[in-house]
Structure formats: structure tokens, C-alpha cells
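Biologist: Please examine closely the pairing of charged side chains in this model, and then describe the parts of the fold around it.

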Amino acid sequence: MRSGNWVVDLGEAEAFFRQYHQETGRGDLLYPRLAEVRRQMDETGTYRHTPEELTFGARVAWRNSARCIGRLYWQSLQVRDRRDVTDAAEVAAECVAHLRAATNGGRIRPVITIFGPDDAAGPPVLIWNEQLVRYAGHLRFEGGYTGDPRGFGLAELATRLG
């Protein structure tokens, strides 16, 4: 089924819910939940995870991320569900709150803030940089970069925008 720019694969959704219910010991709730998801998809073309499912999905995604050494701490990932935040000022405030939660007064902890998914109107929240905090990159006159070359495009845009 199509939802915004994404195609929702009912088979993948079912596999997720089977894994969720198996790993959380809630197997008796699997079939009622699958029925609810199918109903939501029939009515809207998509479905919405519960906060517990969202947390589980984020943690399992990190657990399965082979390139990240921090994944060993996947169970301690703090998941901030901000799917209903769309106002630019509120998004900015949530980004600041994310940084405060993650830096934790100098005792770094794993945190993810999840904003809403794309819908028919597009993304409700659009953050242009791939990481919340990253070094800027600037092209040097004589060639090469000062700073992080990956930050060049966003730094150039910010400079053009003043």
C-alpha cells in the first residue's frame, strides 16, 4: 500500500509485529494487533506504531546496525516519541532537548528523537543535515576544505541564507 512517498509492505509489517510480540513475550496479543493494523491500512493506507512498538523498533534497528560499536547498549536507547510535533519552533526546541538528554550533563547516553513519517503532503518535519551536530565545511580558495567536507553543502546554504 502507498503512504505518501512510501509503499507500506504488509508482509514486512507483519514480520515486525511477529518479532515484536515474540521478543516482548506478548504473543497472545499478536493477532488482535495485526487485525488493527490491517484495518488502519484499509482505511488510511498506512498504520501507526504504538509508543512501545516504536521504542522496540528503534532499539532493534540499532541492535542490528553492524557498523555501530555503540549498538551493544541497544537496550538502553532512550526513545523520544515526537511524531506529533510539526511546528518549526517546537521542532527546534525538541532538537535542543534531544541534545540536553543525550549529553546528560557530561554523562553521554544514547538517545533518538523520532519525528513523524512522511504523509501525502510530504514530510511533516524536514531536517536537512544528516546529524544534529556536525562540523561545517568551507571550500578554500586554493582548493580543498576547511572543516568537514560533508558539511560543505549545508554550510554554503546557511551562508547564502545569511
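**Salt bridges and their surroundings**

Modeller: The structure, which is a predicted model, holds 15 salt bridges. One of them joins E94 to R82, with the closest N and O atoms 2.9 Å apart. E94 belongs to helix α4 (residues 88-103) and R82 to strand β3 (residues 78-82), so this pair ties together parts that are 12 residues apart in sequence. The two partners may be set side by side in their accessibility. E94 has a relative accessibility of 17% and therefore counts as buried, the limit for that class being under 20%. R82, at 25%, counts as partly exposed.

As a general point, side chains of opposite charge can pair when their charged atoms come close. A further salt bridge is formed by R150 and E130, whose closest N and O atoms are 2.3 Å apart. R150 is found in the loop between β6 (145-147) and α5 (152-161), while E130 is in the loop between β4 (111-115) and β5 (137-139), so the pair connects parts that are 20 residues apart in sequence. R150 counts as exposed, with a relative accessibility of 56%. E130, at 55%, likewise counts as exposed.

D148 and R134 also form a salt bridge, and here the closest N and O atoms are 2.9 Å apart. D148 lies in the loop between β6 and α5 and R134 in the loop between β4 and β5, so this pair ties together parts that are 14 residues apart in sequence. D148 counts as buried at 17% relative accessibility. R134, by contrast, is partly exposed, its relative accessible area being 27%. These pairs are not isolated from one another: E130, R134, D148 and R150 are linked in a network of salt bridges.

The helix that carries E94 merits a description of its own. The 16 residues of α4 should span 22 Å at 1.5 Å a residue, and its end C-alpha atoms are 23 Å apart, which agrees. Its buried residues are V91, E94, C95, H98, A101 and A102. Seen down the axis of α4, these residues fall within an arc of 125°, so they line one face of the helix. The elements that cover them include β3 and β4; β3 is also the strand that holds R82, the salt-bridge partner of E94. On the other side of α4, A89 and R100 are exposed.

Both ends of α4 show local features. At its start, a side-chain oxygen of D87 comes to within 3.1 Å of the backbone nitrogen of A89. Just after the helix, N104 takes a positive phi of about 50°, a sign that is found here in a residue other than glycine. N104 is situated in the loop between α4 and β4 and, at 29% relative accessibility, counts as partly exposed.

Helix α1 (residues 10-23) may be described in the same terms. It has 14 residues and reaches 20 Å from its first C-alpha to its last, close to the 20 Å expected at 1.5 Å a residue. A13, F16, F17, Y20 and H21 are its buried residues. Down the axis of α1 they fall within an arc of 125°, so they too line one face of their helix. The cover over that face includes α2 (30-44) and α3 (51-63), whereas E12 and Q22 are exposed on the other side. At the start of α1, a side-chain oxygen of D9 reaches to within 2.8 Å of the backbone nitrogen of G11. Just after the helix, G25 takes a positive phi of about 75°.

The nonpolar interior completes the account. In soluble globular proteins, nonpolar side chains tend to be buried together. In this model the largest nonpolar core has 12 residues, namely V8, A13, F16, F17, Y20, L30, L34, V37, M41, Y47, F56 and V60. The elements that give two or more residues to this core are α1, α2 and α3. Apart from it lies another core, of seven residues, among them A58, W62, L77 and I114. Within the largest core, L30 offers a detailed view: neighbours within four places in sequence aside, L30 is in contact with F17, R18 and H21.

Notes
Residues numbered from 1 in each chain as written. Predicted model: local features only at pLDDT ≥ 70, side-chain atom pairs only at ≥ 80, totals over all residues. Heavy atoms only, no water. Helix = DSSP H or I, 4+ residues; strand = E, 2+ residues; numbered from the N terminus. Expected span 1.5 Å × (residues − 1). Buried < 20%, exposed > 50% of the residue type's maximum accessible area, 1.4 Å probe, protein only. Arc of directions from axis to C-beta. Contact = heavy atoms within 4.5 Å. Polar contact = N/O pair within 3.5 Å; in protein donor to acceptor, adjacent residues only side chain to side chain. Salt bridge = Lys/Arg side-chain N within 4 Å of Asp/Glu carboxyl O. Core = buried A, V, L, I, M, F, W, Y, C linked by side-chain atoms within 4.5 Å.
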